[in-house]
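Please open the model in your viewer and keep the selection panel at hand. The tour visits the ligand and then a pair of helices.

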Amino acid sequence: MAINTTAYTGLIEELRHSGAVLVAVSKTKPVADIRALYDLGQRDFGENYVQELVEKQEQLPPDIRWHFIGHLQSNKVKYIAPFVHLVHGVDSYKLLQEINKQAAKCNRVIGCLLQVHIAKEETKFGLDESEVVALMQLLEANPLPHVAVKGLMGMATNTEDEEIIRGEFRSLKMLFEYCRVNTPAATRFSIISMGMSSDYPIAIEEGSTMVRIGSLLFGSRS
Ligand SMILES: *Cc1c(COP(=O)(O)O)cnc(C)c1O
């Protein structure tokens with residue numbers, strides 16, 4: 001077992017002031033490590049791969065809130081729809097339609113966040129600002145009753161340059177506020193998911209309400 005208890009308690013204390021929710025990112029880590037953090041009181045956990053998430057969910061307590069933070073393929077939605085708490089990486093109306101369909105079968109409403117491409121890097125996927133606005137307008141005209149789009153998610157550029165990171169988080173926060181005011185389907189937006197082990201203090205300063213932290217708690221991934 002390799003969880004960093006000191007880092008966890010420190011982080012909880014640090015986040016208490018901002019009110020931001022901690023999602024402990026447990027991808028690639030064993031069930032025993034998740035259990036250890038659960039025993040310290042942690043309930044929100046994030047995973048990137050559908051199969052890994054399903055296997056872990058079956059072995060762990062039912063009151064865990066599971067966050068899917070990876071790139072979700074439409075054909076895999078059905079496996080996580082019965083239990084997933086929040087899907088962070090939504091990047092199309094088509095994917096929302098599939099989540100809506102599978103959620104309806106389970107008689108659930110599934111919370112979703114739209115992933116916004118805020119980084120300069122080509123590799124990080126997501127919507128640009130105009131696509132987010134267009135998607136919220138599409139949702140208003142064509143509501144999906146089993147989906148609740150609750151806000152935005154973004155990943156900053158992987159760089160040492162704090163001003164670049166800060167600028168990217170700030171642009172996500174501005175887009176969040178813009179949507180709340182200008183697109184009726186976003187009036188109940190409440191979540192900005194931004195900040196990871198390396199950049200969460202900046203994300204908090206820029207208005208994050210949810211941080212996704214892995215290596216700081218579970219150690220680095222091989
Ligand atoms: C892996 C991952 C994280 C956590 O990264 P750390 O640097 O280990 O804190 C956060 N968000 C997403 C989308 C991830 O894939």
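**Stop one: the ligand**

Begin by selecting G214, where a backbone N or O atom lies 2.8 Å from an oxygen atom of the ligand. Taken alone, the ligand exposes 390 Å², of which the protein buries 91%. Please bear in mind throughout that this is a predicted model.

Next, select the side chain of R212; one of its N or O atoms is 2.9 Å from a nitrogen atom of the ligand. Then turn to N48, whose side chain places an N or O atom 3.1 Å from an oxygen atom of the ligand.

Now widen the selection to the whole shell: the ligand is surrounded by 13 residues, and the closest are K27, S197, G214, S215 and R221. Colour this shell by residue class, and it divides into six nonpolar, four polar and three charged residues.

**Stop two: a helix pair**

Leave the ligand and select residues 129–141, which form helix α6, together with residues 162–182, which form helix α7. Two packed helices are described by the angle between their axes and by the distance between those axes. For α6 and α7, the packing angle is about 25° and the axes are 11 Å apart. Because angles under 35 degrees count as roughly parallel, α6 is roughly parallel to α7. Finally, view the pair with one helix in front of the other: the crossing of α6 and α7 is right-handed.

Notes
Residues are numbered from 1 along each chain as its sequence is written. This is a predicted model: local features need pLDDT of at least 70, side-chain atom pairs count only at pLDDT 80 or more; totals for chains, interfaces and linings use all residues. Side-chain values use heavy atoms; hydrogens and water are left out. A residue is near a molecule or strand if one of its heavy atoms lies within 4 Å of it. A polar contact is a pair of N or O atoms within 3.5 Å; within protein, one must be able to donate a hydrogen and the other to accept it, and residues adjacent in sequence count only if both atoms are side-chain atoms. Accessible areas come from the Shrake-Rupley method with a 1.4 Å probe; for residues, only the protein chains shown count as cover. Ala, Val, Leu, Ile, Met, Phe, Trp, Tyr, Cys and Pro count as nonpolar, Asp, Glu, Lys and Arg as charged, and the others, Gly among them, as polar. Axes are lines fitted to C-alpha atoms, for helices over the stretch in contact, and angles run from 0 to 180 degrees between N-to-C directions. Helices (H or I, at least four residues) and strands (E, at least two) are DSSP runs, numbered from the N terminus. Angles under 35 degrees count as roughly parallel, over 145 as roughly antiparallel, 65 to 115 as roughly perpendicular and the rest as oblique. A crossing is left-handed if the near helix is turned anticlockwise from the far one by less than a right angle, and right-handed if clockwise.
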